[in-house]
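This report introduces a protein model to a reader who has not met it before. Please view the sequence and the structure below before reading on.

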Amino acid sequence: MAFRKALRRTAIVGGGTVAAAFGVSQLMEYRRAQAHVSAEVELKVPYADELPTRAAQLAALRDTEEFDVLVVGGGATGAGCALDAVTRNLKTALVERSDFSSGTSSRSTKLIHGGVRYLQKAIMKLDYEQYMMVKEALHERANLLEIAPHLSAPLPIMLPVYKWWQLPYYWAGIKMYDLVAGIHCLKSSYVLSKSKALELFPMLKKDKLVGAIVYYDGQHNDARMNLAIALSAARYGAAVANYTEVVHLLKSKDPQTGREAVCGARCRDVITGREFDVKAKCVINATGPFTDSLRKMDNQETPNICQPSAGVHIVIPGYYSPDNMGLLDPATSDGRVIFFLPWEKMTIAGTTDSPTKVTAHPIPGEDDINFILTEVRNYLSPDVEVRRGDVLAAWSGIRPLVTDPNSKDTQSICRNHIVSISDSGLVTIAGGKWTTYRSMAEETLDAAIKAHGLTAEPCKTVGLMLEGGKGWAPTLYIRLVQDYGLEQEVAQHLASTYGAKAFDVAKMAQVTGQRWPIVGKRLVSEFPYIEAEVLYAIKEYACTAIDVIARRTRLGFLNVQAADEALPCIVQIMAKELGWSQEKKTEELDAAKKFLYHEMGYRSRSEQLTKTSEINLDYQEVVRYKKRFHKFDKESKGFITTVDVQRVLESINVHIGENALHEILNEVDLNKNGQVEIDEFLQDLPQTGRVWSASKTRQSETVKVRPSPRVTRQTSLAPCRTLTLCQSRQTKKASGSLSHPVKQNACHCDRGHPGSFRLPEKPT
């Protein structure tokens, strides 16, 4: 009896203590939030209505006598430093030699997270530094979700468990993750039974599945988030300029001590080649993987402090994952972690972690791509065949890890950051994570202000809304549909990309000439990106076609083929707006294609096309169809796109609407990568080639081919066995009849093909 009373008293006291502590922490958080709100109200926004042009920003860099702070680097950390500095009432400048977020900041896993695996290492190794890094990241995660709600959102992530003993082990670890987050915990984690896990993630491998644990982290559009930070800095008065590189650092010598101090940088406008000096009391090096390059401009003898690590990601079709549930593989075959996440209606898988050399143009390796595919297959049902041809895009990002001389490999390096100040006063911020960019910037500015004796106000970036965040609401897209006549999908995309600034984009949208949608011409039919976004991208300092396909829109990261198809239209719009010559247009087109080919995995995919498809044609038929294929593939790319088909059909006066053409291509495209390779052409063309067989002969061709037993589709689409297509020169009308076998169940085509069809004379 006495024991029960003692236990009850202990529980009451303990519970009261926990409740009191929680209440105090909530009160402190509330007071902090109120302080941030009032700070935001006090801040003046010189360019609230319209951003200054890039030319105006360059003029400000050239003409300003001296800045308080010059930030070198336009990634997340550099942009964060600029925003932190300008909101402290410091005269701020930022230069970036390429585009904002052109490096690592646009090539992440798209997660805003504390790092589950870092917490595991912190606990297992009793590493307090890693523990504090996770705690700080979880605080920053909550802040980032608050200040850019249009670009970020919580995402549930499933951790499947295949051994009974792992269930309590992982559950304890994930609950610790929630506990460390404290009041910043997005949603509490929970355990799922096997049946419930398969209900939520039907693609999951069933065999030996015990259950699953679901926890929450954040997800964002990384390049747009980086851009929002940079644009916010510009709104508050910072002079920011992309395509402006540092040629060398400027130094002044103290006549009494003879000591040299960094006092600015000699910069060059990459677009025009013009050079000029930017004077500043303090220079901050926030160049990510290129940290050591700028440090050696200051002092050639300085040792390297960064050890670069390459992380490769791939994008596969969205049907490989649920719309709102990610997957975590906590222990791959080589000890790394793989995420499998829905993003922009596609699926991202990654990442790898291997030492690499620093380069401005990292290329995804085939070994890394195949490693990710292999690991993904291990967790998906055998019924779901993940093929190499399903990879729609792939990229490699270089993480600027802080070197640990005691580490044997980059996986064991802590992702924490360091702030260092050289003898000449160059402030360097290196390492860290995307999620903690704001706190890194705050720490960097605190150090810079102290070292250089700058007069500044306290940090005001916690709770400071980013570009487009203020005024955004989840239902904003409805107003876009109602007020401007945009498609719902397009309106949702604009709202989630530009936030409250989506109305500015909608105002620039052109009339479609159709009953619906009224405005908003798409760049490509499969994606909600519209032509008006190209015009708005120029206002957001886009200078090249690559800027548009990679960072203002994310088309290049989602589907390289779709980006390639959109390029001519994008270049044409930019040329008209920026006054490009024909030579410049060709140069931009070639540069963008090279970017897609090398950096977005186009080449890697092309080199690994399947050559083992079973082709049931005799030699003469193969030769004949190969010749036909090469008539479409004029550039010898090894594949055919809708652009190629449209060009050939127009040359013989056959016109097909873009949507109809994409639907036809989708039937022939076995691996669903947006294009038709030679093996697909030979294997599937004779069965489903409504358009391909269009020729200048008056006679009709009938080709019969046995469908390959190797071809399996997730949609249970099997090709029809016989296809007849006729064309008449005189009427210039194309018509075709689709003949199914006598036995109805011999054709498994679920597209509802009629017995015959007629191709339209003119685009609909």
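Helices of at least four residues and strands of at least two are DSSP runs, numbered from the N terminus. With these numbers, Thr351 is placed in the loop between strand 14 (346-350) and strand 15 (354-355).

## Overall composition

The model is predicted. Its protein chain has 764 residues, of which 55% are buried. The secondary structure comes to 24 helices and 24 strands. Among contacts between residues at least 6 apart in sequence, 72% join residues that are at least 24 apart.

UniProt, in an unreviewed entry, places the feature "domain: EF-hand" at residues 620-655 and 656-691. Over residues 620-655 the chain is 64% helix and 6% strand. The end C-alpha atoms of that stretch lie 30 Å apart.

## A buried helix and a buried tyrosine

Helix 8 covers residues 222-235, which makes 14 residues. At 1.5 Å a residue it should span 20 Å, and its end C-alpha atoms are 20 Å apart, so the expected and computed values agree. Of the 14 residues of helix 8, 14 are buried, so the helix is largely enclosed by the rest of the structure. Just after helix 8, Gly237 takes a positive phi of about 115 degrees.

Tyr215 has its place in strand 6 (residues 211-220). Is Tyr215 buried or exposed? Its relative accessibility is 1%, and it therefore counts as buried, the cut-off being under 20%. Leaving aside residues up to four places away in sequence, Tyr215 touches Val116, Leu155, Pro156, Ile157, Ile174, Tyr177, Ser189, Leu328 and Phe339. One of these partners, Tyr177, is 38 residues from Tyr215 in sequence, while the two C-alpha atoms are 8.9 Å apart in space.

## Two helix pairs

Two packed helices are described by the angle between their axes and the distance between the axes. Helix 5 (residues 128-147) and helix 11 (residues 437-452) pack at an angle of about 105 degrees, and their axes are 8 Å apart. The two helices are therefore roughly perpendicular to each other. Helix 5 contributes Glu136, Glu140, Asn143, Leu144 and Ile147 to the contact, and helix 11 contributes Tyr437, Arg438 and Ser439. By class, the residues of this contact divide into 3 nonpolar, 2 polar and 3 charged.

The axes of helix 16 (residues 545-552) and helix 19 (residues 582-598) cross at roughly 35 degrees and come within 8 Å. Here Ala545, Ile546, Ile549 and Ala550 of helix 16 meet Glu588, Ala591, Ala592, Phe595 and Leu596 of helix 19. The contact of helix 16 with helix 19 has 8 nonpolar residues, no polar residues and 1 charged residue. An α-helix has 3.6 residues a turn, so residues three or four places apart point the same way.

## Backbone features in loops

Most residues other than glycine have a negative phi, and most peptide bonds are trans. Which phi does Ser101 have? The value for Ser101 is positive, about 65 degrees, although the residue is not a glycine. Ser101 is found in the loop between strand 2 (92-95) and strand 3 (111-112). With 2% relative accessibility, Ser101 counts as buried. Lys208, also a residue other than glycine, has a positive phi near 65 degrees. Lys208 is found in the loop between helix 7 (194-200) and strand 6, and it is exposed, with a relative accessible area of 65%.

Two peptide bonds also deserve a place in this account. The bond from Gly350 to Thr351 is cis, with omega near 20 degrees; Thr351 is the loop residue between strand 14 and strand 15 introduced at the start. The bond from Trp516 to Pro517 is likewise cis, with omega near -5 degrees. Pro517 has its place in the loop between helix 14 (502-508) and helix 15 (532-539).

Definitions and conventions: Residues numbered from 1 in each chain as written. Predicted model: local features only at pLDDT ≥ 70, side-chain atom pairs only at ≥ 80, totals over all residues. Heavy atoms only, no water. UniProt positions renumbered as here; feature names shortened; annotations may be inferred. Expected span 1.5 Å × (residues − 1). Buried < 20%, exposed > 50% of the residue type's maximum accessible area, 1.4 Å probe, protein only. Axes fitted to C-alpha atoms, helices over the stretch in contact; angles between N-to-C directions. Parallel < 35°, antiparallel > 145°, perpendicular 65-115°, else oblique. Contact = heavy atoms within 4.5 Å. Nonpolar A, V, L, I, M, F, W, Y, C, P; charged D, E, K, R; others polar.
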